[in-house]
Structure formats: structure tokens, C-alpha cells
Amino acid sequence: MILRNNRLLPLDSEIKHRRCWLFNQGLVDYQVAWDWQRSLIAARREQPNLEDLLILLEHTPVYTLGKGANQEFIKFNLDESDHPVYRIERGGEVTYHCPGQLVGYPILNLQYYRQDLHWYLRQLEEVIIRVLASYDLLGERIPGYTGVWLQGCKVAAIGIKVSRWITMHGFALNVCPDLTGFTRIVPCGIADKPVGSLAEFIPDITVEEVRKKVAIAFAEVFRVQLVEAEDQTDFL
């Protein structure tokens, strides 16, 4: 079940593996969110029994590169960038974050789920696919790639880091962002597949409504009791 406003909402199954705290944040600077994640990961390395978390937020405009990303996929001079550029621990190539894109950072201990990174990536894709299905949109996987596509356009990127089976980083779903920033890179290193957003299919869609659908789908897919935190300062 999902606990929201002190009400329990039923899931498809009553089986739940763990309780997971939900942290709904607004527009957050990337460095701040990155520091949150690293702090939460460090605490869970010392105390693996700490509860899981899902952070949902939007970022101010920023480019991030995975640990092995190729800078040839960046079309601008890094010294003259209009927005911050970070090289981070996740896998994958370069991507862009901005307002209107819903970002999810699950902090999960996979020892309580399944110790399988491919399984975890497919589960994150399934969360997005279920959200799209709630709008009668068919989200698709493409063999050999990670993420979710909608009528040939990539609407969700996924990049993770797992240490001692504890996850960080996560997914970014383009709800209603300004996609201009993506034109300055080769998103995820994929040159022949365009980036899209849900707003191209549902013009009046908002991040807030999608945020709720993502939370429900996440609880269903991972079979957790998702509890929305009122006072987040104790965790972040």
C-alpha cells in the first residue's frame, strides 16, 4: 500500500518487501541533490538496514556526463557553457536536465530486492512504461539501449551507480521541458534517435500530475510501502 495524507492506498498485491520513504522536492540545484545522494549512500554503507528512499525533483539546467562518457558527444566548448557541466559516477553518456523534466533518485538496497543490475534497470523502465500506459501511451524499450521511447522518441533516460548493492542516480522523464538544451549534445550518445517529451502527446500535462503517477508505479513495480515524508530535513 501507499501511505498518503494518512490514507493507505491499495496496490495490486499486498506483498511488500520494504518501506520506502518518498521525498517530493521542487526545483533543486544539481550539486545539492548530488550531495544528498552521496550522504545517503554513505550512511547506508555504514548501516545497511536503513530504510530506502525515492527522491523526486526537477533540476535547474545542467549537463551531466557518466564516468566513462565521451566528450565528443558535447557540441559546445566546456569552458564557455551557459550551464554547469558535471562528470558523475553513473554509467552512460551525456544528458541534460532542466525544469519540466521529472528526475527520480531511488536509494535502494538491492540486497532486499534482487542483486541484479540488469533486473534493476528493467524495473526502472517498467515504472516509466506504466506511467505512460496510464495516459494510454505505449512506452517501448529498444534492444541494446537503456531508457524508454515513445513513437521513436526517447522520453526517459536512465543512468545508475550501484555500490555494495545500494543504488544512486536513476531516471529522468521528459514531461514538459524546453528541449533546446538537448540540441547542444548527442543525448546518451545516440545520434539517430530523437529526444521527445510527453507534452508533445498531451499538451496540458504537468510535472505535478506525473509525479503522483510515478510514485504509484514505483510502489507497484518494486512492491514497497511508499510513505511520503512530511519533514525531510532528518533525511536530506
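**Exercise 1. Describe the second largest pocket of this predicted model: its volume, its lining and the classes of its residues.**

Solution.
- Start with the volume. The second largest pocket of this predicted model has about 200 Å³.
- Next, list the lining. Leu-179, Phe-182, Thr-183, Ile-185, Val-186 and Pro-187 are among the residues that line this pocket. The lining also includes Lys-75, Ile-190, Ala-191, Lys-193, Pro-194 and Val-195.
- Then sort by class. Nine lining residues are nonpolar, one is polar and two are charged.

**Exercise 2. Find the volume of the largest pocket, and state which elements and classes of residue make up its lining.**

Solution.
- The volume of the largest pocket is about 490 Å³.
- Its lining has 32 residues. Nearest the centre lie Gly-91, Gly-92, Ile-158, Gly-159 and Ile-160.
- Now turn to the elements. Two or more lining residues come from each of β7, β8 (101-107), α2, β11 and β12.
- β11 gives the largest share, seven residues.
- Finish with the classes: 16 nonpolar, ten polar and six charged residues.

**Exercise 3. Search the whole structure for cavities of 30 Å³ or more, and describe what lines them.**

Solution.
- The idea behind the search is simple. Rolling a probe the size of a water molecule over the atoms shows where empty space is left.
- The search finds two cavities of 30 Å³ or more.
- The largest cavity has a volume of about 80 Å³. It is lined by 13 residues, and Thr-95, Lys-154, Ala-157, Asn-174 and Phe-182 are the closest to its centre.
- β7 (94-97), β11 (153-163) and β12 (166-174) each supply at least two residues of that lining. The largest share, four residues, is from β11.
- By class, the lining of the largest cavity has nine nonpolar residues, three polar and one charged.
- The second largest cavity has about 40 Å³. Its lining consists of Trp-149, Lys-154, Pro-187, Cys-188, Ile-190, Lys-193 and Val-195. Five of these are nonpolar, none is polar and two are charged.

**Exercise 4. Place Cys-188 in the structure, and decide whether it is buried, partly exposed or exposed.**

Solution.
- Cys-188 sits in the loop between β12 and α3.
- Its relative accessibility is 24%. Buried would need a value under 20%, and exposed one over 50%. Cys-188 therefore counts as partly exposed.
- Look beyond its neighbours within four places in sequence. Cys-188 is in contact with Glu-93, Val-94, Lys-154 and Ala-157.
- Check the record. An unreviewed UniProt entry carries the annotation "active site" for Cys-188.

**Exercise 5. Do the same for Cys-176.**

Solution.
- Cys-176 has its place in the loop between β12 and α3 (207-222).
- Cys-176 counts as partly exposed because its relative accessibility is 32%.
- Set aside neighbours within four places in sequence. The contacts of Cys-176 are then Gly-100, Ala-199, Ile-205 and Val-207.
- Thr-206 is 30 residues away along the chain, yet 6.8 Å separates its C-alpha atom from that of Cys-176.

**Exercise 6. Identify the residues and elements that build the largest nonpolar core.**

Solution.
- This core has 43 residues. Leu-173, Val-210, Val-214 and Phe-222 touch the most other members.
- Elements giving two or more residues to this core are β3 (19-28), β4 (52-59), α2 (117-133), β10 (148-150), β11, β12 and α3.
- Another core, of 23 residues, lies apart from it. Trp-36, Ile-55, Val-103 and Val-227 are among its members.
- Return to Phe-222. Beyond four places in sequence, its contacts include Leu-108, Tyr-113, Trp-119 and Tyr-120.

Terms used
Residues are numbered from 1 along each chain as its sequence is written. This is a predicted model: local features need pLDDT of at least 70, side-chain atom pairs count only at pLDDT 80 or more; totals for chains, interfaces and linings use all residues. Side-chain values use heavy atoms; hydrogens and water are left out. On a 1 Å grid over the protein atoms alone, a cavity is a set of points where a 1.4 Å probe fits but cannot get out, and a pocket is an open set with protein on both sides within 12 Å along at least five of seven lines; lining residues have an atom within 4 Å of a point. Grid points are joined across faces, edges and corners, and a volume is the space filled by probe spheres set on the points. Ala, Val, Leu, Ile, Met, Phe, Trp, Tyr, Cys and Pro count as nonpolar, Asp, Glu, Lys and Arg as charged, and the others, Gly among them, as polar. Buried means under 20% relative accessible area, exposed over 50%, partly exposed in between (1.4 Å probe, protein chains only). Contact means heavy atoms within 4.5 Å. UniProt positions are given in the numbering used here, feature names are shortened, and annotations may be inferred rather than shown by experiment. A nonpolar core is a set of buried Ala, Val, Leu, Ile, Met, Phe, Trp, Tyr and Cys residues joined through side-chain atoms within 4.5 Å.
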